[in-house]
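Student: I'm new to reading protein models. Could you walk me through one?

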Amino acid sequence: MPTLELRDLHTDFDTRAGVLRAVDGVTLSVGRGEVLGLVGESGSGKSVTGFSIIGLIDPPGRLSSGSIRFQGRELVGLTERELRKLRGRHIAIIFQDPMMTLNPVLRIDTQMMEAIQAHERVSTAEARRRARDALGQVGIPSPDERLSAYPHQFSGGMRQRVAIAIALLHNPALIIADEPTTALDVTIQAQILAVVQKLASERGTSLLWITHDLSVVAGLADRIAVMYAGRIVESGSVDAVLDTPMHHYTRGLIGSVPSRNQRGHKLLQIPGMTPSPLNRPAGCAFRTRCPAADAVCETEPELTNPAPGRELRCFHPASNTAVAA
Amino acid sequence: MLLLLAMSLIVFVSIYAIGDPVEILVSPQATIKEIEQTRVALGLDQPLWRQYLLFLGHALQGDLGRSFIFHQPALSLVFSRFGATLELALSALLLSTMLGISMGLVAALRAGDWIGRTIMAASIAGLSLPTFWVGTLLVMFFGIWLGWLPAIGRGEVATFLGVTSSLFTRDGLAHVILPASTLALGNTALIIRLTRSGAVEALQSDYVRFARAKGLSPTRIVGVHVLKSVLIPLTTIVGLEFGGLVAFSVVTETIYAWPGMGKLIVDSIGVLDRPVIVAYLMMVALLFVVINLVVDLLYRALDPRVGLRP
């Protein structure tokens, strides 16, 4: 039984200009202890997918249809109270910007202990001890002193470590990481990745790692799902998708990552920009930017299985293995 | 101190410009000689600069002159009424912060629906209605038509822990309700609006979303995470407004015949009792300085980002 299973999930936002389909039929699953990289540009709906899972979509947004199964249990339709018991305890989330996720006027220990005591009846001393241990595990030096500090006394990387420590407090089965390293510089990024990877694999925690950075998932994820305009367009194991991308969007993404082998060449870029979710092209949403698009693409491509363990939503899969450089 | 010095100079000169108290003090039948005698007795025959220097010299020794009317030291006269005003201002402050913060939070949480809109509409009314009009209306309604509450004066006083106040007796409390509500009205409206805008901002912040993702209850999120962020800007305003409550309780005290400093100053201005006016204004200036200091200290206690060293 997979830890998380999304089936045909739709999340819509009612705006004055019409219904905005941020998530438009996403189906994916994350196995126990598995790391799934959910990749896509800004506005592709990947963060909204993450927030939908723990029911943190606020009006005018709503989960309009689909199913979310967590450890076999259906989460769609649960009351706020039932969801609250899951949040933080069984499903944790790490946000993008560590400068914003901690409350600036509350001490670190307050913010950690309240997370413990929200789910377990433990004494203050016990909660404090566990908060301190959690800080130590994510590599924060002298955790005892740091506990009584305020967020502004930490650097961005340290704050993200605190957020990770909070996420790990209850040993959740699933952590949703919403671009947690995007706001950090590269060396800190590598440290944070190493910490999360180590702790998650030690505890068998499943990770849904949301990012736009392919180089981050390449070293971290077991599988990749590529999202475009609210849909998963391609998925499969990391090696398979990165070595033989079949969707032209994935190829474009990979081609636009700088690498050592292409020195001196101009980087590829995908022409145009993500279509507005209010006004998506009919059929394949990528066809207006796709080099292989033709008349067939004006109808919606179905999800197919071109190879074992791989899924693809395209009429004209790219055949040559090497990405044009 | 510099502020107080400047304040004293301005007050002194402007009062000099208002009019000659001697003409009011002496009886209409007084002869020119009697008028001159009064003038000399009060020290008003001296040129202005001399009067000011004399005043300053005495003020440094804690003597702000004697009232022309009551023949008591002006400062102790003002002080004797200070308690009543403080009592009224504190009641109004308590009322407006409690009511303002709670209604502001409700307005923020129910921003979209009719409850939120009603509160906001009421707060606009509260800000724009003039005190004297609301005061008169309240007296008429609760004091005269319904007869539920005493309309004028201060109630019985009692002494508790060495403080004498009418807030410790039932009668006193009944007397303070109407004037305190009147005085609190504008402040309540202001605090509602500030609390609401701060809370709306906090509710949309990432840290509130993160707090929800931790599985915290809404009570804890609003009561700790949102409230604490709101309290910081609010402290400054409430502090400054408290000074305003004390200083400008003049209108309210006059309506309700509340025997406080405001009533005293109105009466003193009527008879041009210069030392009392000066003493009152100096006292208010001092109060503002003290309040500013307290607010700064409170601010540091509340907001960890404000350091003790610059």
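Tutor: Let's go through cores, a single residue, and then two kinds of contact surface. Keep in mind that this is a predicted model.

Student: Okay, cores to begin with. Which residues touch the most other members of the largest nonpolar core?

Tutor: The general idea is that in soluble globular proteins, nonpolar side chains tend to be buried together. Here the largest nonpolar core has 129 residues, and A:Leu208 and A:Trp209 touch the most other members. Helix α8 of chain B, residues 170-203, gives this core its largest share, with 12 residues.

Student: What does A:Trp209 touch, leaving out residues up to four places away in sequence?

Tutor: Some of its partners come from earlier numbers, namely A:Val35, A:Leu36, A:Gly37, A:Leu38 and A:Ala177. The others are A:Val217, A:Leu220 and A:Ala221. There is also a second, separate core of 16 residues, with B:Phe55, B:Ala74, B:Leu75 and B:Val276 among them.

Student: Now a single residue. Is A:Arg310 buried, exposed or partly exposed?

Tutor: You count the C-beta atoms around it: 20 or more within 10 Å would make a residue buried, and 12 or fewer would make it exposed. A:Arg310 has 17 others within 10 Å, so it is partly exposed.

Student: Where in chain A does A:Arg310 lie, and what does it touch?

Tutor: A:Arg310 sits in the loop between α11 (248-255) and β11 (311-312) of chain A. Not counting residues up to four places away in sequence, A:Arg310 touches A:Ser235, A:Gly236, A:Ala240 and A:Asn305. You can also compare sequence and space: A:Arg310 and A:Gln71 are 239 residues apart in sequence and 23 Å apart in space, C-alpha to C-alpha.

Student: How many residues of chain A are in contact with chain B?

Tutor: For a surface like this, count each side, then ask which elements and classes make it up. Here 24 residues of chain A are in contact with 19 residues of chain B. On the chain A side, the elements giving two or more residues are α2 (80-86), α3 (98-101) and α4 (108-117). By class, that side has 13 nonpolar, five polar and six charged residues.

Student: And inside one chain, what domains does chain B have?

Tutor: The domain assignment gives domain 1 (2-60) and domain 2 (82-302). Their contact takes 11 residues from domain 1 of chain B and 11 residues from domain 2 of chain B.

Student: Which element gives the largest share of the domain 1 side?

Tutor: That's α1(B), with eight residues. This side of domain 1 of chain B has nine nonpolar, two polar and no charged residues.

Definitions and conventions:
Residues are numbered from 1 along each chain as its sequence is written. Chains are lettered from A and ligands numbered from 1 in the order in which they are written. This is a predicted model: local features need pLDDT of at least 70, side-chain atom pairs count only at pLDDT 80 or more; totals for chains, interfaces and linings use all residues. A nonpolar core is a set of buried Ala, Val, Leu, Ile, Met, Phe, Trp, Tyr and Cys residues joined through C-beta atoms within 7 Å. Helices (H or I, at least four residues) and strands (E, at least two) are DSSP runs, numbered from the N terminus. Two residues are in contact if their C-beta atoms, placed from the backbone, lie within 7 Å. Ala, Val, Leu, Ile, Met, Phe, Trp, Tyr, Cys and Pro count as nonpolar, Asp, Glu, Lys and Arg as charged, and the others, Gly among them, as polar. Domain bounds come from an automatic or database domain assignment.
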